[in-house]
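Please open the model in the viewer and keep the sequence panel visible beside it. This tour proposes one selection after another and describes what is found at each stop.

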Amino acid sequence: MKAAVRPRRPAAPALDVAALRREFPILSRKVHGKPLVYLDNAATTQKPRAVLEAVTRFSEEENANVQRAVHLLSQRATDAHEGAREKVRRFVNAREAREIVFTRGTTEAVNLVAQAWGRRHVGPGDEVLITAMEHHSNIVPWQMLRDEKGARLVVAPMDDAGDLVLPELERLLSPRTRIVAVAHVSNALGTVNRVAEIVRLAHARGVPVLVDGAQAAPHLRVDVQALDCDFYAFSGHKVYGPTGIGALYGKAALLEEMPPWQGGGDMILSVTFEKTHYNEVPHKFEAGTPNIAGAVGLGAALDWLGSAGRDAIEAHERDLLAYATDRASAVPGVRIVGTAREKAGVLSFTVEGVHPHDVGTVLDREGIAVRTGHHCAQPVMERLGIPATARASFAAYNTRDEVDALVAGLGRVREIFRR
Ligand code: PLP
């Protein structure tokens, strides 16, 4: 009998990184006289020419305010804005474009849910369940809600490797849990959380789930229908798009019954001094003039990602992370922080006897941009008993040569601080 063959995803076509790098003007600049090695992509990615040009083209040819006028440019601007919404819908595989709310980014998206959904559904003694590896922007909005409502913030633990302890998360889902808010990928450790499983556990108890996708959207295919999450947030500037634009996906039924969170123009159907009738979703959540050019740039970024090939990018970044992990761990004194079973995009580390800021400063002199500090995840540092890490984070345009440059830079750090 023939052995059963497990079906495998076809191998992703290889990424032509050299060609792709040429699309990013900033990558050819020098820093302190050295070629730029940009490894701070978890903070923000660089922008390809397609994005820069889309924003300029919109500003030069179509700029007007949306939704208000009958004139041609306003219609063009509205089409461009709504076209970008459709591109976001496709990117996260939402059912309908009205399930996509434009925000300034992930932070604003989480605040929107904490305020608009939370104020209605969370009361005294209720619980919001988050995890030990959240970014501050998925902690503080819930603390603000907790303090306003007399609710409780409950934190699911992670282990020393940086993996969530799922049985504990399950145990902490109580009859008082009103929402679970969890990072898809940790920005400090790179851990990929088993979001579909978390959603399953929460839904079994009738609890909705918000996913902070800020660090997942650049690296992984996001499918909100497959995840079955209730809300999903991400930022444009981390997926090769402009700053100041991002999106919140919310299931239509949830968005429909949520009150608006900011009042103003565009979010209304009619206003008298006695009563205001709100606009339909998603416009109900988009008070005031939106970041139209930003949305156009985000749409162009998502197009760019699609044409570069998301599977190819994912495979390339996986290879880079594995290569960087091997090479950096071989440097004496370097300790990798975050060794979860599944990781994406992020290599956090410490160098024995050297403060991470000093590591970052020496690397910067070599032209290598990494981030140092607590990465807006102070509780993660506290949990691991360290004040900070240095973090190299990868994007589609990074190369093994750049990883080699990082490793050489770490050698330089050791030379300087051994003296
Ligand atoms: N969540 C995670 C996991 C992040 O890494 C970040 C940014 O680094 C954010 C949220 C906040 O994103 P933004 O500042 O774009 O709103």
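**The ligand**

Begin by selecting the ligand together with Lys238: a polar side-chain atom of this lysine lies 2.6 Å from an oxygen atom of the ligand. The protein covers 85% of the 390 Å² of accessible area that the ligand has on its own. Please bear in mind throughout that the model is predicted.

Add Ser235 to the selection. An N or O atom in its side chain is 2.7 Å from an oxygen atom of the ligand. With Asp212, the ligand takes part through a nitrogen atom, which is 2.5 Å from an N or O atom in the side chain of Asp212. To view the whole surroundings, display the 13 residues around the ligand; Thr107, Asp212, Gln215, Ser235 and Lys238 are the closest.

**Helix H5 and the residue after it**

Next, select helix H5, residues 140-149, and colour Pro141, Trp142 and Leu145, which are buried. Turn the view until you look down the axis of H5: the buried residues fall within an arc of 95 degrees, so they line one face of the helix. What lies over these buried residues? The elements that cover them include helix H4 (106-121) and the strands E5 (127-131), E6 (152-156), E7 (177-183) and E8 (209-212).

Then move to Gly150, just after H5, where phi is positive, at about 70 degrees.

**Three places to inspect the backbone**

The next three stops concern the backbone. As a guide, most residues other than glycine have a negative phi, and most peptide bonds are trans.

Select Asp228 first. This residue is not a glycine, yet its phi is positive, at about 60 degrees. Asp228 sits in the loop between helix H8 (224-227) and strand E9 (231-235). Its relative accessible area is 34%, and Asp228 is therefore partly exposed.

Continue to Asp266, which lies in the loop between helix H9 (252-257) and strand E11 (268-271). Here too a residue other than glycine has a positive phi, near 70 degrees. Is Asp266 buried or exposed? With a relative accessible area of 15%, Asp266 is buried.

For the third place, select Val281 and Pro282. The peptide bond that leads from Val281 to Pro282 is cis, and its omega is near 5 degrees. Pro282 belongs to the loop between strand E12 (276-278) and helix H10 (292-308).

**Val88 in helix H3**

Now select Val88, in helix H3, which comprises residues 72-92. Val88 has a relative accessible area of 1% and is buried. Display its contacts as well: apart from neighbours within four places in sequence, Val88 is in contact with Ile100, Phe102, Phe234, Ala247, Leu298 and Leu302. For a distance across the model, select Gln46 in addition; Val88 and Gln46 are 42 residues apart in sequence, and their C-alpha atoms are 19 Å apart in space.

**Helix H14 and its surroundings**

The last part of the tour concerns helix H14, residues 400-418. At 1.5 Å a residue, its 19 residues should span 27 Å, and the end C-alpha atoms are 27 Å apart, which agrees. Which residues of H14 are buried? They are Glu402, Val403, Leu406, Val407, Gly409, Leu410 and Val413. Look down the axis of H14 to see that these buried residues fall within an arc of 155 degrees, so they line one face of the helix. A general rule helps in reading this view: an α-helix has 3.6 residues a turn, so residues three or four places apart point the same way. On the face turned away from the buried side of H14, find the exposed residues Asp401, Ala408 and Arg418.

Two of the buried residues of H14 lead to other parts of the model. From Glu402, go to Arg21, in helix H1 (residues 17-21). The side chains of Arg21 and Glu402 make a polar contact of 3.3 Å. Beyond its neighbours within four places in sequence, Arg21 is in contact with Leu27, Leu36, Tyr397, Asn398, Thr399 and Glu402.

From Leu410, go to Val334, in strand E13 (residues 334-337). Val334 counts as buried, at 11% relative accessibility. Val334 and Leu410 are 76 residues apart in sequence, while their C-alpha atoms are 8.4 Å apart in space. Among the residues in contact with Val334, beyond four places in sequence, are Phe349, Val351 and Leu410.

How values were computed. Residues numbered from 1 in each chain as written. Predicted model: local features only at pLDDT ≥ 70, side-chain atom pairs only at ≥ 80, totals over all residues. Heavy atoms only, no water. Helix = DSSP H or I, 4+ residues; strand = E, 2+ residues; numbered from the N terminus. Expected span 1.5 Å × (residues − 1). Buried < 20%, exposed > 50% of the residue type's maximum accessible area, 1.4 Å probe, protein only. Arc of directions from axis to C-beta. Polar contact = N/O pair within 3.5 Å; in protein donor to acceptor, adjacent residues only side chain to side chain. Contact = heavy atoms within 4.5 Å. Near = heavy atom within 4 Å. Areas by Shrake-Rupley, 256 points an atom, 1.4 Å probe, with all protein chains shown as cover.
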